[in-house]
Amino acid sequence: LCIARLYSSMKNVLVLSIFLSFSPSAVFAADNAVLITLDGLRWQEVFSGLDRELAVHEEFSEQTKLLLERFWRDTPQERAETLLPFLHNTVFREGSFVGDRDAGSCAEVTNDWYFSYPGYSEILTGVVNDSIDSNGKNPNPEQTILELLDSKAEFAGKTAAFASWDVFPFVFNVERSGLYVNAFHPEVNPADEFEEILTQLHKDIPTPWASVRNDAFTHHYALSYLLREKPRLTFIGYGETDDFAHNGKYDDYILSAHRTDRFIEEVWGTIQATDGYRDNTVLFVSVDHGRGEDPIETWQHHASKRSLSGYMRSLAQYEDGIVGSEAVWMAAIGPGISEKGLIMTGSQCIGSNRIAATLLELLGEDYRQINPNMGSPITEFLQ
């Protein structure tokens, strides 16, 4: 009888082992994640810092002296660390990053358009939908990972998004998804005295652009909600860098990038100072597209060759599109993220459509069961 029981137990262990070996695995590294994007911040500034040619250009910078005093240093590494100190001294050193093309590290969008809505959609859904071919306010036919996770009991009501651009409610398709998305407009129902003051300031301070608000409002609404509601997956989309670039204001573009680095540091500091988030939350940072470099004025723009016959026809004089605007960068820190530093890719670029599945993996979810059409997780980022 004992031998029979032993045989039965061994058989059960064997069956369980075989089952586990063929079952989809997940990292289960973190309970929470924060995904941050900086709209159109070039990899050139991220990894080499201030571009002197643009900083002294009469057309693109009215604050040349200020830029050179604050951000010019002898080497590209020193300039990059001066411009984005938190990313370089904390995220890059303690986590993983990709996108420094001068060092043989490549990241790129996988859509064919190289502008914001398609870029954000592939980051947030993991799917490249070719029909998303403009920045128009059209409800996204794809589901973001916030929406997909919100349908699961353990994540219900625990996802939230904050953004400066007024198209994000459509990227998240709030009419269908019902997600909490605070984008462009002031908060309708301030939760406390701080949010009431923030909302009043939002109404009183003129909007710099017709469709993008000051990132400071996005940032502080996000921090306030993060501390109060403790969402498990949060998206924060800062937008100023792209719009200052489109305006041809390199000085303001640089100052905004530096300020946003401080914002990201404040997000991470809040995470690490908060019970339930401390050492249990992944921070992932990326961009929706790159920008041009040559000829010099193309730093303002981004567009693929294909897009010139459609949404980006205003840039048709650049017959090949804005070369380099597919180039992006990514960085991550937190539980489950490897401390590799720079990921070398050679000629094989890492695509933006893989970010969504990477975050799902870190949160213990298998993208193949949620949406198998997503790009696969970025294993190079994972421990």
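**Note on the predicted model: sheets, helices and a pocket**

1. In β11, Ile-350 is the bridge partner of Ala-107, and this pair is a convenient place to start reading what is a predicted model. Ala-107 belongs to strand β3, which covers residues 107-108 and is joined to β11 by 2 bridges, the two strands running parallel.

2. The sheet around that pair is open and has 3 strands, in the order β8-β3-β11, with mixed pairing. Its edges are formed by β8, at 327-328, and β11, at 350-351, each of which pairs on one side only.

3. A second open sheet has 8 strands, and a reader tracing it should follow the order β5-β4-β6-β1-β7-β9-β2-β10, again with mixed pairing. The edge positions belong to β5 (180-183) and β10 (341-342), and each has a single partner strand, so one side of each is left without a neighbour in the sheet.

4. Within the 8-strand order, β2 stands beside β9, and the pairing of these two strands can be followed residue by residue. Strand β2 (residues 96-98) pairs with strand β9 (residues 330-333) in the antiparallel sense, over 3 bridges. For Phe-97, the bridge partner in β9 is Ala-331.

5. Two helices can be placed against strands of this sheet. Helix α7, made of residues 116-125, lies across β1 (32-38) and β6 (233-238), and it runs at about 165° to β1. Helix α15, made of residues 355-362, lies across β1, β7 (281-286) and β9, and its direction is at about 170° to β7.

6. How do helices α6 and α14 pack, in angle and in distance between their axes? Helix α6 (residues 85-94) packs with helix α14 (residues 250-272) at an angle of about 40°, and their axes are 8 Å apart. An angle that is neither under 35 degrees nor between 65 and 115 nor over 145 counts as oblique, and therefore α6 is oblique to α14.

7. On the α6 side, the contact involves Pro-85, Phe-86, Leu-87 and Thr-90, which meet His-258, Asp-261, Ile-264, Glu-265 and Trp-268 in α14. By residue class, this contact of α6 with α14 divides into 5 nonpolar, 2 polar and 2 charged residues.

8. The largest pocket holds about 190 Å³ of space. Its lining brings together Asp-39, Ser-116, Asn-135, Trp-165, Ser-211, Val-212, Asp-242, Asp-243, His-246, His-302, Tyr-311 and Met-312. Which helix gives the largest share of this lining? That share, 3 residues, comes from helix α13, which spans residues 240-246. Sorted by class, the lining of the largest pocket has 4 nonpolar, 5 polar and 3 charged residues.

9. Two details of the backbone deserve a careful look. Asp-294 and Pro-295 are joined by a cis peptide bond, with omega about 0°, and Pro-295 lies in the loop between β7 and β8. Asn-173, although it is not a glycine, has a positive phi of about 45°, and its place is in the loop between α9 (168-171) and α10 (174-177).

Technical notes
Residues are numbered from 1 along each chain as its sequence is written. This is a predicted model: local features need pLDDT of at least 70, side-chain atom pairs count only at pLDDT 80 or more; totals for chains, interfaces and linings use all residues. Side-chain values use heavy atoms; hydrogens and water are left out. On a 1 Å grid over the protein atoms alone, a cavity is a set of points where a 1.4 Å probe fits but cannot get out, and a pocket is an open set with protein on both sides within 12 Å along at least five of seven lines; lining residues have an atom within 4 Å of a point. Grid points are joined across faces, edges and corners, and a volume is the space filled by probe spheres set on the points. Helices (H or I, at least four residues) and strands (E, at least two) are DSSP runs, numbered from the N terminus. Ala, Val, Leu, Ile, Met, Phe, Trp, Tyr, Cys and Pro count as nonpolar, Asp, Glu, Lys and Arg as charged, and the others, Gly among them, as polar. Two strands pair if DSSP finds at least two bridges between them. Contact means heavy atoms within 4.5 Å. Axes are lines fitted to C-alpha atoms, for helices over the stretch in contact, and angles run from 0 to 180 degrees between N-to-C directions.
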